[in-house]
Amino acid sequence: MNTLSRYTPILDKFAVSTSAICAIHCLCLPLLLVMFPALGATIFGQESFHVLLLWMVIPLSFVALTMGCRKHKSGLVVLSGLTGLTLLIGAASLGHDVLGENGERIVTLMGAIAIAFGHMRNYTLCRRMACDE
């Protein structure tokens with residue numbers, strides 16, 4: 001049994017949670033800034049928060065999806081994971097200067113959904129196939 005593969009379900013859950021935080025942040029921040037303007041002065045109101053989440057999602061996704069895909073070999077998991085990462089990196093790199101605020105929000109949400117789907121599928125396949133054995 002590969003020691004790291006036993007942690008794949010935990011990494012999948014953490015990566016889905018991180019993607020959800022990213023999506024919630026993206027959707028709720030404008031409303032929260034109107035209600036609590038001081039929030040803009042914290043890390044949650046800065047663009048760097050997206051970059052921080054991205055630095056967490058990339059290695060988590062890479063490790064979890066790689067370990068799971070070694071066992072179940074699902075192309076859908078790989079495609080979903082890579083699509084999500086590409087969209088998230090694109091949204092963070094291009095930002096609202098290129099994509100516009102709504103464009104950045106839409107690309108970020110699409111990336112977060114794709115990543116979450118890939119990890120949920122990876123988790124399901126790993127449980128079904130007992131990847132940790």
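## Three helices and a shared core

The chain has three helices and zero strands. This is a predicted model, so keep that in mind as you click through it. Starting at the N terminus, the order of elements is simply α-α-α. Helix α1 covers residues 8-35, helix α2 covers residues 48-72, and helix α3 covers residues 75-129.

**The whole chain**

If you boxed up the C-alpha atoms along the principal axes, you would need roughly 50 × 25 × 20 Å. There are 133 residues in the chain, and 38% of them are buried. The accessible surface is about 7600 Å², with carbon and sulfur atoms owning 71% of that area. Contacts here reach a long way along the sequence: of those with a separation of 6 or more, 79% are between residues 24 or more positions apart. As for charge, the chain carries 9 positive and 7 negative charges, and the mean positions of the two sets sit 17 Å apart.

**Helix α2 and what follows**

Helix α2 has 25 residues. From its first C-alpha to its last, α2 reaches 35 Å, which is close to the 36 Å expected at 1.5 Å a residue. Right after α2 comes K73, and its phi is positive, near 55°.

**The nonpolar core**

Which residues make up the largest nonpolar core? There are eight of them: C22, F49, L53, L54, V57, L85, L88 and I115. Both α2 and α3 put in at least two residues each. The top contributor is α2, with four residues.

Two members of this core are worth a look up close. Start with L53, which is found in helix α2. Is L53 buried or exposed? L53 is buried, because its relative accessible area is 5%, under the 20% cut-off. Setting aside residues up to four places away in sequence, L53 touches T18, I21 and C22. C22 is itself on the core list.

The other one is I115. Again not counting residues up to four places away in sequence, I115 touches S19, V57, S61, S80, G81, G84, L85 and L88. Among these partners, V57, L85 and L88 are also core residues.

**Two spots on helix α3**

S80 turns up in that contact list for I115, and S80 lies in helix α3. S80 counts as buried because its relative accessible area is 7%. Beyond its neighbours within four places in sequence, S80 is in contact with A114, I115, F117 and G118.

L79 lies in helix α3 too, but its surroundings are another story. Why does L79 count as exposed? Its relative accessibility is 55%, and the exposed class takes in anything over 50%. Measuring along the model from C-alpha to C-alpha, L79 and I58 are 15 Å apart in space, with their places 21 residues apart in sequence.

**Around the α1-α2 loop**

G40 lies in the loop between α1 and α2. With 23% relative accessibility, G40 counts as partly exposed. Leaving out residues up to four places away in sequence, G40 touches L33, G45 and Q46.

P30 has its place in helix α1. P30 is partly exposed as well, with a relative accessible area of 34%.

Here are some C-alpha separations for the residues discussed above, handy if you want to check them in your viewer.

| Pair | Apart along the chain | C-alpha separation |
|---|---|---|
| G40 and L29 | 11 residues | 9.0 Å |
| P30 and G45 | 15 residues | 9.1 Å |
| L79 and I58 | 21 residues | 15 Å |
| L53 and H119 | 66 residues | 16 Å |

G45 shows up twice around this loop: G45 is the partner of P30 in the table, and G40 touches G45.

Conventions: Residues numbered from 1 in each chain as written. Predicted model: local features only at pLDDT ≥ 70, side-chain atom pairs only at ≥ 80, totals over all residues. Heavy atoms only, no water. Buried < 20%, exposed > 50% of the residue type's maximum accessible area, 1.4 Å probe, protein only. Contact = heavy atoms within 4.5 Å. Areas by Shrake-Rupley, 256 points an atom, 1.4 Å probe, with all protein chains shown as cover. Lys, Arg positive; Asp, Glu negative; His and termini not counted. Charge placed at Lys NZ, Arg CZ, Asp CG, Glu CD. Expected span 1.5 Å × (residues − 1). Core = buried A, V, L, I, M, F, W, Y, C linked by side-chain atoms within 4.5 Å.
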